[in-house]
Amino acid sequence: MKIYVLKVSQELPLSLGRAWDFISDPRNLPQITPRDMAFKITSQPPPKIYPGLIITYRVAPLFGIPLTWVTEITHVREPNYFVDEQRFGPYRLWHHEHHLTPITPDKTQMDDIVHYALPFDPFSRIVHPLLVKKRLEEIFNFRREALRRLFSEG
């Protein structure tokens, strides 16, 4: 099984507390997900994550094909870190670390580290660079811009 790693960093013009409040509320996910993914939370998540929380979604990551995605919040260290892991969905493995680090009282560094593997390895190695890697980069670029718009300075 080939495991890929995606690392994304962004500076947010928010205090650590405000950044945590936003990023740890799963109900904010639709605001930072591309519309063409037809993202919909199908469970009723609380306003704050906790270890063991299961969240279900409908999402169309490629070609508009809707899929069910189930994630579990496996680790939480408020206000700096949490992990979501796929329990059911399009990936063979999905482990997403969210790290928040204060830079100044008004700025926070957000780092995402995603370890993922695709089904049908080794055949998936052909489609990874052509479709999956490119799509994940688009999704995280959209999120970066959405967060910038939501919390822009001035």
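## Cavities, a pocket and three buried residues

Six elements each supply at least two residues to the lining of the largest cavity: α1 (16-23), β3 (54-59), β4 (67-77), β5 (81-88), β6 (93-104) and α2 (124-150). The model is a predicted one. Within that lining, α2 gives the most, with four residues. The volume of this largest cavity is about 560 Å³. Its lining holds 30 residues, and those closest to the centre are Leu-29, Thr-33, Phe-39, Asp-84 and His-96. By class, the lining of the largest cavity splits into 21 nonpolar, six polar and three charged residues.

### The chain as a whole

The protein chain has two helices and seven strands. Their order from the N terminus is β-α-β-β-β-β-β-β-α. The radius of gyration is 15 Å, close to the 15 Å given by the globule rule for 154 residues, so the chain is as compact as a globular protein of that length. Along the principal axes, the C-alpha atoms fill a box of roughly 50 × 30 × 25 Å.

Buried residues make up 44% of the 154 in the chain. The chain exposes about 8600 Å², and carbon and sulfur atoms supply 57% of that area. Contacts across the sequence can be sorted by separation. Among those between residues at least 6 apart, 47% join residues at least 24 apart.

### Enclosed and open spaces

Rolling a probe the size of a water molecule over the atoms shows where empty space is left. How many cavities of 30 Å³ or more does a search of the whole structure find? The search finds two. The second largest has a volume of about 30 Å³. Its lining consists of Leu-12, Leu-14, Ala-19, Phe-22, Ile-23, Met-110, Leu-147 and Phe-151. The class count there is eight nonpolar, no polar and no charged. Helix α1 supplies the largest share of this lining, three residues.

The largest pocket is an open space with a volume of about 370 Å³. It is lined by 17 residues, and Leu-62, Pro-90, Leu-118, Pro-119 and Val-132 lie nearest its centre. Helix α2 contributes the largest share, seven residues. The lining of the pocket has 15 nonpolar residues, one polar and one charged.

Helix α2 thus recurs: α2 gives the most to the lining of the largest cavity, and α2 provides the largest share of the pocket lining.

### Three buried residues

The table lists three residues by place and accessibility.

| Residue | Place | Relative accessibility |
|---|---|---|
| Arg-143 | helix α2 | 8% |
| Pro-26 | loop between α1 and β2 (40-41) | 5% |
| His-95 | strand β6 | 19% |

Start with Arg-143, in helix α2. Is this residue buried or exposed? Arg-143 is buried, because its relative accessible area of 8% is under the 20% limit. Beyond neighbours within four places in sequence, Arg-143 is in contact with Ile-32, His-96, His-98, Met-110 and Asp-112. Two of these partners appear in the cavity lists. His-96 is among the residues closest to the centre of the largest cavity, and Met-110 lines the second largest cavity.

Pro-26 sits in the loop between α1 and β2. At 5% relative accessibility, Pro-26 also counts as buried. Which residues does Pro-26 contact, leaving aside neighbours within four places in sequence? The partners are Ile-41, Pro-45, Pro-46, Pro-47, Ile-49, Leu-53 and Ile-55. Lys-2 is 24 residues away from Pro-26 along the chain, and the C-alpha atoms of the two are separated by 29 Å.

His-95 belongs to strand β6. Its relative accessibility is 19%, and residues under 20% count as buried, so His-95 is buried. Not counting residues up to four places away in sequence, His-95 touches Val-83, Asp-84, Glu-85, Ile-113, Val-114 and His-115. Val-83 and His-95 are twelve residues apart in sequence, and their C-alpha atoms are 7.0 Å apart. Asp-84, one of the residues touched by His-95, is also among those closest to the centre of the largest cavity.

Terms used. Residues numbered from 1 in each chain as written. Predicted model: local features only at pLDDT ≥ 70, side-chain atom pairs only at ≥ 80, totals over all residues. Heavy atoms only, no water. 1 Å grid on protein atoms, 1.4 Å probe; cavity = no way out; pocket = protein on both sides within 12 Å on 5 of 7 lines; lining within 4 Å. Points joined across faces, edges and corners; volume = space filled by probe spheres on them. Nonpolar A, V, L, I, M, F, W, Y, C, P; charged D, E, K, R; others polar. Rg over C-alpha atoms; globule rule 2.2 N^0.38 Å. Buried < 20%, exposed > 50% of the residue type's maximum accessible area, 1.4 Å probe, protein only. Contact = heavy atoms within 4.5 Å. Areas by Shrake-Rupley, 256 points an atom, 1.4 Å probe, with all protein chains shown as cover.
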